[in-house]
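Reader: I am new to this structure and should like to look closely at the way its strands are arranged. Would you kindly begin with one pair of facing residues and work outwards from there?

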Amino acid sequence: MSGLLKNYIGGEFVDSTSKEKIEILNPATLEVLGHTPLGKRKDIDKAVEAAKKAFKTWSKVPVIDRVQPLFKLKILLDENVDEIATLIVKEHGKTFKEARGDILRGIQMVEVATSMPTLIQGETLDNIAKDIDCQSLRRPLGVFAGITPFNFPSMVPFWFWPFAIASGNTYVLKPSERVPLTQMKIFELIQQIGLPEGVLNMVHGGKDAVNGILEHPDIKGVNFVGSTPIAKHVYQTGAAYGKRVQALGGAKNFIVMLPDAPVEQSVAAMVDSCLGCAGERCLAGSVLVGVGDAYDKLKDEVLREVSKVVVGNGLDAKTTLGPVISKDAKERILKDIDTALSEGAELLIDGRNPKVDKGYFLAPTVLDKVKPGTMMAQKEIFGPVIGLMQVSNLDEAIELINSSNYANTTSLFTTNGGAARKFVSEVVPSMVGINLGVPAPMAFFSFGGSKDSFFGDVKVHGKSSVEFFTEKHTTMTRWYVEGMNDAVSPMWKSE
Ligand code: NAD
């Protein structure tokens with residue numbers, strides 16, 4: 001699998017037309033695992049041509065037959081979980097356990113997409129006017145494309161294409177150029193499931209491939225997940241080219257603890273939220289907020305919990321915190337820690353210089369006395385850094401959360417049902433946890449934040465995905481039966 005990766009177009013692995021490439025690095029060992037070709041518009045054009053041709057017949061295949069390849073894929077994925085998880089650890093850096101979660105959450109998407117015969121059903125009503133019946137069907141639109149980030153090399157692409165193709169569309173995936181090996185393995189499995197050629201395609205690349213997608217006249221809609229500036233660009237450009245777009249962006253997530261919360265359990269979940277996958281999750285906690293007396297308990301317990309963290313290669317069973325993705329990411333996070341300190345935060349635990357030979361490792365850093373309005377309270381860090389903040393009451397915590405430009409997720413830890421209810425009804429982020437650190441909606445519910453964390457109106461996976469990937473097509477019918485009906489409903493007849 002090392003060497004220069006191939007695209008997957010029309011059911012075959014084919015060479016990219018591009019001579020440009022980037023290294024795929026294991027962030028723990030700095031071993032070069034292969035090279036990603038930086039595909040161009042020409043590669044996208046070829047994939048779209050194959051997908052457009054396939055759409056003509058695939059969209060006519062009965063839905064019960066369209067989902068059969070997904071059942072086969074589910075079995076193949078189950079059989080290959082550990083191999084795929086190992087690849088994820090190597091190219092991304094997360095721990096083996098986290099990598100298994102990445103693939104298992106992806107498999108759940110495939111499972112839910114197999115229920116498309118139920119999900120895609122439309123609406124009917126007879127006699128909407130005298131002798132007139134109405135049916136509204138959901139029809140596929142054509143070719144869709146997905147552009148995905150580095151942080152979940154397996155799961156995020158599965159948020160989209162299984163639902164897209166099961167609902168009768170065809171698809172072109174452009175995975176993150178930094179972690180493409182996971183998808184190479186998954187596409188080797190996809191090649192064995194009997195999908196007609198062209199139904200699902202993959203093109204490797206970066207910016208040029210993305211712009212080739214956004215400007216392509218035959219792509220009907222785009223799914224994007226990544227940072228906020230690129231999400232905005234994708235949303236605006238895709239819309240300018242007449243496409244449906246859902247673009248999921250970055251996040252800044254606050255987790256609040258009330259004085260009545262059970263300290264050990266709550267803080268274990270909060271720290272796991274902040275440090276899991278090295279903080280490189282869009283649902284990662286970033287600032288932990290203690291309300292009143294909860295603050296001191298929170299602080300002490302965070303220090304105890306963080307002291308248990310073991311930094312190392314994700315393939316080592318003892319490791320609980322792997323490296324961050326790249327040298328650039330490490331440098332950016334170090335700079336953010338410096339900025340936080342210059343703005344008055346206090347260093348409780350300094351993770352900037354972990355004892356490791358090589359690799360892009362950072363140990364956990366804990367910053368105390370974070371203030372609203374400072375960088376640490378506003379910017380996505382996407383690394384193993386925890387900020388601590390104190391507020392005097394729940395209203396103040398809610399105000400803090402709602403003042404953020406981001407609104408992906410937030411959580412409250414409490415035993416007070418009334419407080420929890422108030423929190424749920426007043427916070428803006430649209431994925432909310434009560435006594436849960438990472439409230440990620442599962443495949444059969446819809447996923448997506450609001451404000452600068454989400455551009456679009458229809459959320460991802462679950463029933464919403466059917467909204468995104470289909471168009472409602474409504475027919476009204478009247479049959480003339482001699483002697484049984486008037487030509488015009490009496491209701492509308494002029495006297
Ligand atoms: P990124 O924005 O750098 O890249 C995402 C995709 O955009 C990649 O496929 C990349 O090739 C492409 N891209 C990058 N620069 C581009 C440019 N200038 N023009 C066009 N395309 C470009 O994001 P990332 O670093 O891979 O992922 C991390 C980000 O993703 C974080 O901000 C994280 O919060 C976000 N994320 C959000 C969610 C969510 O559900 N909201 C989920 C996962 C990740």
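Author: A suitable starting point is Leu125, which stands opposite Cys134 in S6. The model is a predicted one, in which local features need pLDDT of at least 70, side-chain atom pairs count only at pLDDT 80 or more, and totals for chains, interfaces and linings use all residues. Residues are numbered from 1 along each chain as its sequence is written, and side-chain values use heavy atoms, with hydrogens and water left out.

Strand S6 covers residues 132-140 and pairs with S5 in the antiparallel sense over four bridges. Strands here are DSSP runs of E with at least two residues, and helices are runs of H or I with at least four, numbered from the N terminus; two strands pair if DSSP finds at least two bridges between them. S5 and S6 belong to an open sheet of three strands, ordered S5-S6-S22 with antiparallel pairing. At its edges are S5 (123-129) and S22 (470-478), each of which pairs on one side only. Neighbouring strands of this sheet are turned against each other by 25° on average, with direction ignored.

A further open sheet has seven strands in the order S14-S15-S16-S13-S12-S18-S19, and its pairing is mixed. S14 (346-349) and S19 (431-434) are its edge strands; each has a single partner strand, so one side of each is left without a neighbour in the sheet. From one strand to the next, the twist averages 25°. Within this sheet, S13 (residues 285-291) and S16 (residues 385-391) run parallel and are joined by five bridges. Val287 faces Gly387 in S16.

Helices pack on these strands. H16 (residues 394-402) lies across S12 (253-257), S13, S16 and S18 (409-413), and runs at about 175° to S12. H17 (residues 417-426) also packs on the sheet, where it touches S12, S18 and S19, and its direction makes about 170° with that of S19. Contact means heavy atoms within 4.5 Å, and angles run from 0 to 180 degrees between N-to-C directions of axes fitted to C-alpha atoms, for helices over the stretch in contact.

A pair of helices may be added to this picture. The axes of H4 (residues 81-92) and H5 (residues 96-113) come within 8 Å and cross at roughly 120°. Among the H4 residues in this contact are Val81, Ile84 and Ile88, and H5 contributes residues including Phe96, Ile103 and Ile107. The residues of the contact divide into 10 nonpolar, one polar and three charged.

Methods: Ala, Val, Leu, Ile, Met, Phe, Trp, Tyr, Cys and Pro count as nonpolar, Asp, Glu, Lys and Arg as charged, and the others, Gly among them, as polar.
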